[in-house]
Amino acid sequence: MYNEVINGIEATLDTMVRVATRGTDRAVLSMAHEDVPRLVDAFRSLMDGHTPDENGCCRACARRRALFGRRHPVPCRLVLSARLALLNARHGAHSKHAMGNTR
Ligand SMILES: [Zn+2]
């Protein structure tokens with residue numbers, strides 16, 4: 001079951017990258033309208049609940065605290081990773097535009 005789910009996610013992401021990097025303008029535009037909002041929703045659902053509790057610790061990660069005995073201050077590792085990924089994605093896009101390579 002796990003492998004089927006992961007393989008489905010990977011296949012979808014691979015298709016999106018392939019379309020974004022080598023697709024026709026029409027395919028890229030279609031993906032932007034249809035798939036990017038779903039990707040954003042998925043991204044937001046992953047971050048859902050990773051908000052500070054009354055002690056300044058991540059609520060979602062606090063559930064794991066009982067297992068690992070550690071506190072997770074906000075922003076937690078997941079939120080920082082998400083932010084870094086978005087910054088890297090933006091930086092990569094700017095670098096490609098600066099070099100005249102937009103695709
Ligand atoms: Zn967290």
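Start by selecting residues 25-47, helix α2, in this predicted model. With 23 residues at 1.5 Å a residue, α2 should span 33 Å, and the distance between its end C-alpha atoms is 31 Å, which agrees.

Keep α2 selected and look along it for a bend. Where is the kink in α2 centred? Go to A32: the kink there is about 40°. Now colour α2 by burial. How many of its 23 residues are buried? The number is 0, so α2 lies largely in the open. Step past the end of the helix to G49, which follows α2 and has a positive phi, near 90°.

**Zoom out to the chain**

Show the whole cartoon next. You should find 4 helices and 0 strands, and from the N terminus on the order reads α-α-α-α. The chain has 103 residues, and buried residues make up 5% of them. If you draw the contacts between residues at least 6 apart in sequence, 20% of them join residues at least 24 apart.

**Helix α1 and its partner**

Select residues 2-22 for helix α1. Its 21 residues reach 30 Å from the first C-alpha to the last, close to the 30 Å expected at 1.5 Å a residue. Is α1 largely buried or largely in the open? Of its 21 residues, the number buried is 0, so α1 lies largely in the open.

Now show α1 and α2 together. Two packed helices are described by the angle between their axes and the distance between the axes. Here the axes of α1 and α2 come within 8 Å and cross at roughly 140°. Roughly antiparallel is kept for angles over 145 degrees, which means that α1 counts as oblique to α2. The crossing of the two helices is left-handed. To see the contact itself, display M16, V19 and A20 on α1, and A27, V28, M31 and D35 on α2. An α-helix has 3.6 residues a turn, so residues three or four places apart point the same way. Keep that in mind as you look at both sets of side chains.

Centre on M16, in helix α1. Leaving aside neighbours within four places in sequence, M16 is in contact with M31 and D35. M16 has 16 other C-beta atoms within 10 Å, so this residue is partly exposed; buried would take 20 or more. For a distance to check in the viewer, try M16 to L39: these residues are 23 apart along the chain, and their C-alpha atoms are separated by 9.8 Å.

**Two loops that meet**

Move on to C57, in the loop between α2 and α3. Which residues does C57 touch, not counting those up to four places away in sequence? Select P52, A62, R71, H72, P73 and V74 to see them. C57 has 17 C-beta neighbours inside 10 Å and therefore counts as partly exposed. Draw a line from its C-alpha to that of P73: the two residues are 16 apart along the chain, and the separation is 4.2 Å.

Follow that line to P73, which lies in the loop between α3 and α4. Not counting residues up to four places away in sequence, P73 touches G56 and C57. P73 is exposed, with 12 other C-beta atoms within 10 Å. From P73, turn to C61: the pair is 12 residues apart in sequence and 8.9 Å apart in space, C-alpha to C-alpha.

**Last stop: a cis bond**

Stay in this loop and show the backbone atoms of V74 and P75. A cis peptide bond joins these two residues, with omega about -10°. To place P75, find α3 at 59-68 and α4 at 77-98; P75 is in the loop between them. V74 may be familiar from the previous stop, as one of the residues that C57 touches.

Terms used: Residues are numbered from 1 along each chain as its sequence is written. This is a predicted model: local features need pLDDT of at least 70, side-chain atom pairs count only at pLDDT 80 or more; totals for chains, interfaces and linings use all residues. The expected span of a helix is 1.5 Å times one less than its number of residues. The bend at a residue is the angle between axes fitted to the seven residues ending there and the seven starting there. Two residues are in contact if their C-beta atoms, placed from the backbone, lie within 7 Å. Axes are lines fitted to C-alpha atoms, for helices over the stretch in contact, and angles run from 0 to 180 degrees between N-to-C directions. Angles under 35 degrees count as roughly parallel, over 145 as roughly antiparallel, 65 to 115 as roughly perpendicular and the rest as oblique. A crossing is left-handed if the near helix is turned anticlockwise from the far one by less than a right angle, and right-handed if clockwise.
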